[in-house]
Amino acid sequence: MSAPAHANGSSRAVRPAEASSFWRKLSGHRTALWRIASIGLFFLAWEIAGRIPISFAFPTFLETLRAFVTMTLDGSFVAAYAETLQPLVIGIAISAVIGVGLGIVMGLSRFAEWLIAPVFIVLQAAPMAALIPLITFMYGIGLVSKTLAVIMLALPVIALNGYKAVRNANPSLVAMCYSFQGTWWQRIVKIIIPDASPVIFAGLRLGLAAGFIGVILAELLITPTGIGDLITYHRSVANYAEMYAAVVSIILVSTLTLAALEAFELRVLRPEKRKS
């Protein structure tokens, strides 16, 4: 226990304790500090690469940050994302319902696995960027085409993750349900789906990331609207700082959306993991 500073007329006895407390608090936030340092180093490398420059079309970090703030304040991002998020939300909602449902059916039934799983495996391996323009010929330019592009990329990921999660449910828990004479419905609802929910949610997060790729590809390749139109326009007039700012905004929106989905999972469905 350190003595008070006025006890012996000197502050030297207090300083080691204060320093120790400071370093303990600092080590408690070690993970956050490393993350901040990692992001700071990335921005520093970006600024140096832009000042060298490595290309005339590669702006510095500060120029991009200035363009990002300007486009945020003048409402460019709000108007663009109002168009981009609509097909994304519709596509992800449809993919989540159909994908999780088919994943559970494939995980429970060998016949459904043989019948459906190969289709999703082929779709996941196929070069979707080459297939997305074909949607235009069938459904024209508009909301339906962009929504289908989101579904084409998100649905296989969600369905295959749901299938693997159900198929690899803990056999000990399933056997326990048998031993307690649980019904088929209780085995699915109270044992298999709760045990598979972490992997199912991981599939939803991957599907959401794939959906972002789908909607951006659709806006770049099919119809010049939303955030894809901002990228195309600023690239065509050589406003590279604004173009990179639009790309950075996509990364930020995608990251924040995934973080919100993970927080929902931890808070509502898996509170025991949050406490640990």
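Begin by selecting Phe-58: in this predicted model, the residue is buried, with a relative accessible area of 19%. The cut-off for buried is under 20%.

Next, add Trp-46 to the selection. Trp-46 also counts as buried, at 11% relative accessibility. Display both rings: the centres of Trp-46 and Phe-58 are 6.4 Å apart and the planes stand at 45°, so this pair is tilted. Colouring by secondary structure shows Trp-46 in helix α2 (residues 30-51) and Phe-58 in the loop between α2 and α3 (61-73); the pair therefore ties together parts 12 residues apart in sequence.

Now move to Phe-42 and Phe-43. Their ring centres are 5.9 Å apart with planes at 55°, so this pair is likewise tilted. Phe-42 counts as exposed at 55% relative accessibility, whereas Phe-43 is partly exposed, with a relative accessible area of 30%.

Which residues do ring pairs link into a cluster with these four? Select Phe-61 and Tyr-244 as well: ring pairs join them to Phe-42, Phe-43, Trp-46 and Phe-58. The structure as a whole holds 10 aromatic pairs.

The last two stops concern the backbone. Most residues other than glycine have a negative phi. Select Gln-181, in the loop between α8 (171-179) and α9 (184-221). Gln-181 is not a glycine, yet has a positive phi of about 55°; the residue is exposed, with a relative accessible area of 71%.

Finally, go to Ala-238, in the loop between α10 (226-236) and α11 (240-269). Ala-238 has a positive phi of about 65°, although it is not a glycine, and is partly exposed at a relative accessible area of 41%.

Methods:
Residues are numbered from 1 along each chain as its sequence is written. This is a predicted model: local features need pLDDT of at least 70, side-chain atom pairs count only at pLDDT 80 or more; totals for chains, interfaces and linings use all residues. Side-chain values use heavy atoms; hydrogens and water are left out. Rings of Phe, Tyr and Trp (its six-membered ring) pair if their centres lie within 6.5 Å; planes under 30 degrees apart count as stacked, over 60 as edge-to-face and the rest as tilted. Buried means under 20% relative accessible area, exposed over 50%, partly exposed in between (1.4 Å probe, protein chains only). Helices (H or I, at least four residues) and strands (E, at least two) are DSSP runs, numbered from the N terminus.
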